[in-house]
Every structure is written in structure tokens, then in C-alpha cells.
Amino acid sequence: MAAASSAKDGSGDISLLEYLDLSQINCLNEVDHSDLKSIISSRSRNTTSAMLLSDVDEQLLLNIPFNQAVRVRSIVIQSNDRLKGPKVIKLFVNRPALGFEDVQHAEAAQILTLSEQDIKNGNRLLLRFVRFQSVNSLHIFVESNQGAGEEKQTQIDAVDILGIPVEATKSLSGLKELDG
């Protein structure tokens with residue numbers, strides 16, 4: 001089950017989109033003119049009409065590498081189409097090359113079931129933080145959408161990844177040692 005919280009929860013989390021390695025980002029089963037890069041290339045949550053749309057079925061595999069290690073606490077996945085929004089997603093970390101066959105057999109770091117409200121409102125989906133401590137790449141496998149097999153395409157209008165860079169936490173711990 002997905003848990004949601006407000007963006008101002010006092011955790012100090014920031015959007016990690018600014019730490020993306022845009023040259024290495026890819027998505028399997030995306031439509032050419034509605035791709036992952038179009039919704040994250042600005043390195044901020046997408047507010048344009050751009051969208052990510054699946055091609056032959058509802059499944060998508062977003063491969064998102066970072067330019068440094070990060071700690072991920074939550075993700076946001078938003079869709080403006082109620083039936084095309086993702087429903088079941090599996091998250092994997094630090095897999096250099098991941099394809100559809102791999103996600104069917106590999107153990108996910110976490111599986112989330114998104115509600116229509118989660119995707120409509122762009123709710124934060126809290127993760128098991130201990131499993132996302134030193135993330136160099138995050139892989140989001142959209143297994144199904146809200147259309148329950150009737151809708152053959154999945155649509156994602158915005159993605160955000162929230163947490164902190166590992167280097168920032170090392171710097172903060174160094175400051176605490178100097179202060180104490």
C-alpha cells in the first residue's frame with residue numbers, strides 16, 4: 001500500500017531531479033513523441049502538456065540514473081487521465097541493465113499499489129527508506145494501470161523523486177562532529 005504525506009513534512013527532502021544523468025535516462029515501451037525525457041528534462045516536476053505514454057501495452061520501465069548517490073524517501077507519479085494512470089509499480093535500485101524479462105523474475109526493493117487519488121493529486125508515495133539509502137539508479141516498472149486491463153496505454157504526466165544526496169548527509173554529519 002502506498003502512503004502519502006504532504007511535501008512540507010519537515011524531513012528536509014528535496015527534489016532529486018536536479019541530480020539526474022539525463023544522457024543515460026531511458027524508458028522501455030514508450031511512444032516516441034511522448035517519452036520520459038519530455039517530462040523530466042527540465043529537472044523539475046513537469047507542468048507542461050508533455051507526457052509519457054506507453055506504446056503496445058500498459059507496461060513501462062523507467063530507468064533513471066543519477067549523477068551521484070542519493071537517498072530516496074518518496075516518489076510522486078501523477079497522471080491527468082484517471083484510467084491510464086499507473087496502478088501497480090515495482091521499484092528496483094542499482095541495476096545497470098534492466099529489461100522487461102528481468103523485472104518479472106527479480107525481487108523488487110518495493111512494490112506499491114497506487115490509488116486513483118494518488119495519481120490524480122500527485123501524492124507522495126513513501127518508500128522503505130532503508131532500501132533506498134545509496135541509490136545510483138532507480139528503476140520504476142509500471143506493471144498495470146488503473147484501467148484494469150481495459151485501457152491498453154499508461155500515461156504519466158509528472159514524476160518526482162524526493163530525498164537527499166548522500167554527499168549532503170556526509171557534509172551535515174561532519175558539521176555535527178565539529179559542533180559537538
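**View 1. Order of the elements along the chain.** Starting at the N terminus, the chain reads β-β-α-β-β-β-α-β-α-β-β-β-β-α. That comes to four helices and 10 strands, where helices (H or I, at least four residues) and strands (E, at least two) are DSSP runs, numbered from the N terminus. Keep in mind that this is a predicted model: local features need pLDDT of at least 70, side-chain atom pairs count only at pLDDT 80 or more, and totals for chains, interfaces and linings use all residues. Residues are numbered from 1 along each chain as its sequence is written, and side-chain values use heavy atoms, with hydrogens and water left out.

**View 2. The whole chain, by burial and contacts.** Of the 180 residues, 48% count as buried; buried means under 20% relative accessible area, exposed over 50%, and partly exposed in between (1.4 Å probe, protein chains only). About 9000 Å² of the chain is exposed, and carbon and sulfur atoms supply 48% of that area. Accessible areas come from the Shrake-Rupley method with a 1.4 Å probe, and for residues only the protein chains shown count as cover. Take the contacts (heavy atoms within 4.5 Å) with a separation of 6 or more: 81% of them join residues 24 or more positions apart.

**View 3. Strand S5 and its two partners.** Why is S5 (residues 86–93) largely enclosed by the rest of the structure? Seven of its eight residues are buried, so the rest of the structure largely encloses S5. Strands pair if DSSP finds at least two bridges between them. S5 and S8 (residues 135–145) run antiparallel and are joined by seven bridges; Pro 86 stands opposite Asn 145 in S8. S6 (residues 110–113) is also antiparallel to S5, with four bridges joining the two.

**View 4. Close-up of strand S6.** Facing S5, Ile 111 is the bridge partner of Lys 90, while Gln 110 stands opposite Leu 91. In a regular strand the side chains alternate between the two faces of the sheet. Which residues of S6 lie on the covered face, and which on the uncovered one? Gln 110 and Leu 112 make up the covered face, Ile 111 and Thr 113 the uncovered one.

**View 5. Ile 164 and Arg 73.** Ile 164 belongs to strand S10 (residues 158–165). With a relative accessible area of 15%, Ile 164 is buried. Its C-alpha atom is separated by 8.1 Å from that of Arg 73, although the two residues are 91 residues apart along the chain.
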